[in-house]
Every structure is written in C-alpha cells, then in structure tokens.
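Thank you for making time for this. I would like to walk you through one protein slowly, beginning with its overall layout and then stopping at a handful of places along the chain.

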Amino acid sequence: MFVALGAAFAIGSLAYDVGSLLAMGPGYVPLALGGLLVALGAATVVKAYVAPGVPADVVVSDAVVPDAVVPDATGGDVPVQEDSGDDRPLAGLRWRPLLLVTAAVAFFAYTVDGLGLLPAAFGAGLLAAFADSGTRWHRALLIAVCLTVASYVIFVLLLQLRLSLLGGWLGG
C-alpha cells in the first residue's frame, strides 16, 4: 500500500514543475515524499521476507514439546506461540484501531471547513485516542487537547496558515 500511494503521488507530482533543490517548484515536495513512501514500502516488504523468524528445524507440537522456547539474539529464551489454525486472511487484523483512525482522518477532512481547526482537531484526536481499547476517557481528553494545541501552534503560529479556528457551523 505504501508503494502504491507513494508511486501515485510521485507520478502525480510530475505534472508540476519540480525545479531543483535550491529553487523548488510545486512538484518537488510531493515527488520527494512519494519517493520516500515508496522506499519505506519497499523496505517493509524486504524486512518481511528477510527478518529472522523461528528456525526451520524447530518443530512445535503440543504432544511433543508443550512449552517450547527458542533462543533469541540476546541469549534469552523466547516462547514459541503456535498458530491458531485460523486460515482466514483477515483473522488477525485489529479492526478497532483501523476503523477509528480512519474515522478520525475522515472526520477531520470533512469537518475542518465547517467546524474550524480547533474543534476538528479535537474530534479527530478524541476518535484516534480511543483506537486503543485500553484508553480511558480522561487520557483520551488529554490526547485530544494536546493534539489540538499542537495543531494550533504548528499550523497557525509557526507556519502562519490562515485557518479559521472556529468554522461557519459554529458561527466563527
């Protein structure tokens, strides 16, 4: 997915003037970020196929070795977990974080114009904070407030973007 998105941004940026490092055009940053995303995706794929796993000669079975351990790189023992036997492709996917983080991004994208930067960032932060099932409400509020303050400082104060803090839906 990283490779596909990065390639799409890199290819899309070629429609604009790229310029040079000292005189960047409007296509320079999307091209650079798209290239970085492609490299990150490629590195992830390579790591998935090259990463050390359980040695092939270790056979784990409840009948033979009930508490199997495999030595790790530091010399300690790591317990070997058996496969659950669930062959469904999405069985191990954690749905809560996927759905709530996606909802947070969508919430921000669809409400930043109507609500303004501060309420949209707060709502997105609140949704994203609850992506972890162990997050309590007071910690989620703290995360949302910190994200809102960070958004204000970065985008309004430092980058001096003209964003409405409270949108038209709130009378701003």
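**From the whole chain to single residues**

If you follow the protein from its N terminus, the elements come in the order α-α-β-β-α-α-α, which gives five helices and two strands. Please keep in mind throughout that what we are looking at is a predicted model.

Let me stay with the whole protein for a moment. Of its 172 residues, 17% are buried. The accessible surface comes to about 12,700 Å², and carbon and sulfur atoms account for 69% of that surface. When we take the contacts between residues at least 6 apart in sequence, 45% of them join residues that are at least 24 apart.

Now to helix 3, which covers residues 95-115, 21 residues in total, and which spans 28 Å from its first C-alpha to its last, close to the 30 Å expected at 1.5 Å a residue. Helix 3 also has a kink of about 30°, and this kink is centred on alanine 109. Which residues of helix 3 are buried? They are Ala104, Thr111, Gly114 and Leu115, and helix 4, residues 117-129, is part of what covers them. Just after helix 3 comes glycine 116, which has a positive phi, near 100°.

Next I would like to show you two threonines, and I will take them in the order in which they occur. Threonine 135 sits in the loop between helix 4 and helix 5, the latter being residues 137-158. Is threonine 135 buried or exposed? It counts as buried, because its relative accessibility is 13% and the cut-off for buried is under 20%. The side chain of threonine 135 reaches the backbone oxygen of alanine 129 at 3.0 Å. Leaving aside residues up to four places away in sequence, threonine 135 touches Ala129, Phe130 and Ala140.

Threonine 148, by contrast, lies within helix 5 itself. Threonine 148 has a relative accessibility of 11%, and therefore counts as buried. A polar atom of its side chain lies 2.7 Å from the backbone oxygen of alanine 144. With residues up to four places away in sequence again set aside, threonine 148 touches Leu118, Ala121 and Phe122.

Let us finish in the segment after helix 5, where we find glutamine 160. Its phi is near 55°, a positive value in a residue other than glycine. Glutamine 160 is exposed, because its relative accessible area is 61% and exposed means over 50%.

Leucine 163 belongs to the segment after helix 5 as well. How much of leucine 163 is exposed? Its relative accessible area is 37%, so leucine 163 is described as partly exposed. What does leucine 163 touch, if we do not count residues up to four places away in sequence? The answer is Leu117 and Phe155. In the case of leucine 117, the two residues are 46 residues apart along the chain, while their C-alpha atoms are separated by 6.7 Å.

If you would like to look again on your own, you might begin with the kink at alanine 109 in helix 3, and then trace the chain onward to leucine 163 in the segment after helix 5.

Notes:
Residues are numbered from 1 along each chain as its sequence is written. This is a predicted model: local features need pLDDT of at least 70, side-chain atom pairs count only at pLDDT 80 or more; totals for chains, interfaces and linings use all residues. Side-chain values use heavy atoms; hydrogens and water are left out. Helices (H or I, at least four residues) and strands (E, at least two) are DSSP runs, numbered from the N terminus. Buried means under 20% relative accessible area, exposed over 50%, partly exposed in between (1.4 Å probe, protein chains only). Contact means heavy atoms within 4.5 Å. Accessible areas come from the Shrake-Rupley method with a 1.4 Å probe; for residues, only the protein chains shown count as cover. The expected span of a helix is 1.5 Å times one less than its number of residues. The bend at a residue is the angle between axes fitted to the seven residues ending there and the seven starting there. A polar contact is a pair of N or O atoms within 3.5 Å; within protein, one must be able to donate a hydrogen and the other to accept it, and residues adjacent in sequence count only if both atoms are side-chain atoms.
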